[in-house]
Amino acid sequence: MSSEDEDIDLNDEVASQVDTITDDGGDIVDMDDPLPSARNSPATSPVQLDADTRQTDLKINSELLSCASYDCVPLVAAIHPYPVFSLAATRNYKWILTGCEDGYIRKWDFFTSMNGKTSLAQALRHQHVESVVYTGVLSSWWENNEQSEDVPGESKLSAAYSLALHSEALWALQGCENGSINLVTVRHDEGKCHHVLRKHTAPVSVLMITPDETGVISGSWDKSVYEWDLNQGAIIRSYDGHSSQLSSAEYQPIYTPEDVDYTWDKKNPNIFLTTSVDGGCFIWDKREKDPRKLPLPNGTPPWCLSACWSADGTKIYVGRRNGTVDEYDYASQKRIRSFRMPANSGPVYSVKSMPNGKQIVCASNDNIRLWDTSIDSAFTIGSEMSDSKLIKTTSTIPFTILPGHHGGAVSQMSINPTCKYMVTASGNRGWEGASTNVCLFYDILPVS
C-alpha cells in the first residue's frame, strides 16, 4: 500500500462522529455521561475545535483530589501472546490500544471488559491475584507494517515500539522499527495507513500527541526528538541534545485547583520533558532554544526509562536503574531527595503521579508500589545488635504494594483523566528485562 497517495483530514467529520459514540459496556461500571451533541454547534475549522467540548464529563471527583491514599484493584487481565511494547487509550477510556512485539495492534473494549462480559479461564486464574477474574474483550486488531519508501505496496511487520491515539479514536500513530511513523484510521477502515512520517532512522520509542491534537512529539533510538505538524506531515522543530535512545516524554500539567470544572489531565502546550536511556532528563520550553537539564546524582547509574510530573507541575519524578526514584524541583532543576525501593526490587521501569499530590505509582521488576511522598522515611525494617542485646528497628513504610503485577518489566502505565481506572502493560520495549505478556485493568477508589 502506498502511503503517499492519499491525505487525511485528521479531524474530518468530528461533529457527526461524536454523536455515534455510545457506551455498550453495560451499566455496572460507572462510565461518564454520553458525549454532548455537536449537531447544533456553530461551524468551525477542525484545528480551532476545542477537544474539551467534544468529550464526556471528565471532571475529577473531589475525593480523589483530597484523599489520603488510593485503593487500586486489578479486575481484568488482557493476555497477549508476546511482550506488550506500547499502550494508548481514548480520553474516556472506551478503547485501549496495545502494541506487541509480534507486530500487531490490538483494540480492547475497556468497559465491556471491566463489566465482566468474559470470565478468565480457570487455567489462567492461578497466574494472577484473586481479584483478577475477567479477561480483556478484544474488539479488533490490525498489522503494524513498515511501508517501503522505494517499492510502493511493499511492507513488512514491525514491532509497535510506541503508540499514540486520538482522544476519540479517529486516528492513531504507530512507531516502527525502521524509524517510520504510521498514521492510521481507527474509527473507520481500522488500521488503514494513510500517511507515513519519515525522518527517524531507528525504532520510534516515544510518541506524544500535542494537547490540541494537531501535532505529535516523536523520539527515537537514533537520539533525535522531532515535533510534527500532522495536518502537513512535516517537521516543525527538532529538539537536539540527547545522547542516547529516547525513552519517555510528558507535557507539564496545568494546575487549577480553584476551577470548578477542574480536570486533572490539562496540559501546558509549551512545556514538556523528555528522558533517554542514559539517564538524561531534559525540560523543554517551546519558547526557548535550549533545554534545561536535570543533574544526574552522584553514584547513580546512567539509566532512565520513565519520568513524570507531579499533579501540580512543580516537581518531576525520574525512575532509575538502581531502584530509586529521584524527585526534582521544576523551578530550580535541583534534586530534592530520592525514594529507594526495597532491596532486590530491580529497576524502576515506569512512574506516574496521582492527583492528590501525595502518591506516585512506581513500577519495578518485582511489584508496582503506591509510594507516599509526604512520608519522609528512611525505610529501614529489621533488627540489630547493641551491647549484645537484640534491638528491633522499624520505621514507617512509605508505600503499599498494588496487587497484580509481579516479575516482569512494565513498559507503560496509563491512568484515565478522572483517576477511576488504570492500565499497566508488561514488556521490555526492545531493551532488557522479562515480560509477563499481560495488560491489567485496575479500578481506583479513594481512601480516607
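These are my notebook entries on a predicted model of one protein chain.

**Entry 1: the chain as a whole**

I began with the overall make-up, and I found four helices and 33 strands in the protein chain. Of its 448 residues, 54% are buried. I then looked up how the contacts are spread along the sequence: among those with a separation of 6 or more, 57% are between residues 24 or more positions apart. For the surface I noted an exposed area of about 19,100 Å², of which carbon and sulfur atoms supply 48%.

**Entry 2: the annotated repeat**

I turned to the UniProt record, an unreviewed entry, where the annotation "repeat: WD" covers residues 77-109 and 197-238. Taking residues 77-109, I read off 0% helix and 64% strand, with the C-alpha atoms at the two ends 12 Å apart.

**Entry 3: strand β27 and its neighbours**

I chose strand β27 (residues 368-372) for a closer look, and asked how many of its five residues are buried. The count is five of five, so that the strand is mostly covered. I sorted the side chains by direction and found I368, L370 and D372 pointing one way, with R369 and W371 pointing the other way, and all of them buried. I set beside this the general rule that in a regular strand the side chains alternate between the two faces of the sheet.

Next I looked for the partners of β27. Strand β26 (residues 359-364) runs antiparallel to β27 and is joined to it by five bridges; the two form a hairpin with three residues between them. Within this pairing I noted that V361 stands opposite L370. Strand β30 also pairs with β27 in the antiparallel sense, over four bridges, and there I401 is the bridge partner of R369.

**Entry 4: aromatic pairs**

I counted 18 aromatic pairs in the structure. A pair of aromatic rings is described by the distance of the centres and the angle of the planes, and I wrote down both values for two cases.

For F85 and Y161 the ring centres are 5.4 Å apart and the planes are at 50 degrees, so I entered the pair as tilted; the angle lies between the limits of 30 degrees for stacked and 60 degrees for edge-to-face. This pair links distant parts of the chain, since F85 belongs to strand β2 (residues 84-89) and Y161 to the loop between β8 (155-157) and β9 (162-165), 76 residues apart. Both F85 and Y161 are buried.

For W371 and F399 I read 5.3 Å between the ring centres and 25 degrees between the planes, and therefore this pair is stacked. This pair, too, links distant parts of the chain, with W371 in strand β27 and F399 in strand β30 (residues 399-402), 28 residues apart. W371 is buried at a relative accessible area of 2%, and F399 is buried at 13%.

I also recorded one aromatic cluster, which is formed by Y93, F110, F111, Y421 and F441.

**Entry 5: charges over W95**

Which lysines did I find over the ring of W95? The charged end of K94 sits over this ring, 5.1 Å from its centre, and K107 lies over the face of W95 at 4.2 Å from the ring centre.

**Entry 6: three residues in loops**

Most residues other than glycine have a negative phi, and I therefore made a note of two residues where the value is positive. N344 has a phi near 65 degrees and is found in the loop between β24 (334-340) and β25 (348-353). Is N344 buried or exposed? Its relative accessibility is 80%, which means that N344 counts as exposed. C419 has a phi near 55 degrees and has its place in the loop between β31 (410-415) and β32 (421-426). With a relative accessibility of 0%, C419 counts as buried.

I ended with N231, which is found in the loop between β15 (225-229) and β16 (234-238). N231 is partly exposed, because its relative accessible area of 35% falls between the cut-offs of 20% and 50%. N231 and G215 are 16 residues apart in sequence, and I noted a C-alpha to C-alpha distance of 7.7 Å between them.

Note on methods
Residues numbered from 1 in each chain as written. Predicted model: local features only at pLDDT ≥ 70, side-chain atom pairs only at ≥ 80, totals over all residues. Heavy atoms only, no water. Phe/Tyr/Trp six-rings, centres within 6.5 Å; stacked < 30°, edge-to-face > 60°. Buried < 20%, exposed > 50% of the residue type's maximum accessible area, 1.4 Å probe, protein only. Lys NZ or Arg CZ within 6 Å of the ring centre and 35° of its normal. Pairing = 2+ DSSP bridges. UniProt positions renumbered as here; feature names shortened; annotations may be inferred. Contact = heavy atoms within 4.5 Å. Areas by Shrake-Rupley, 256 points an atom, 1.4 Å probe, with all protein chains shown as cover.
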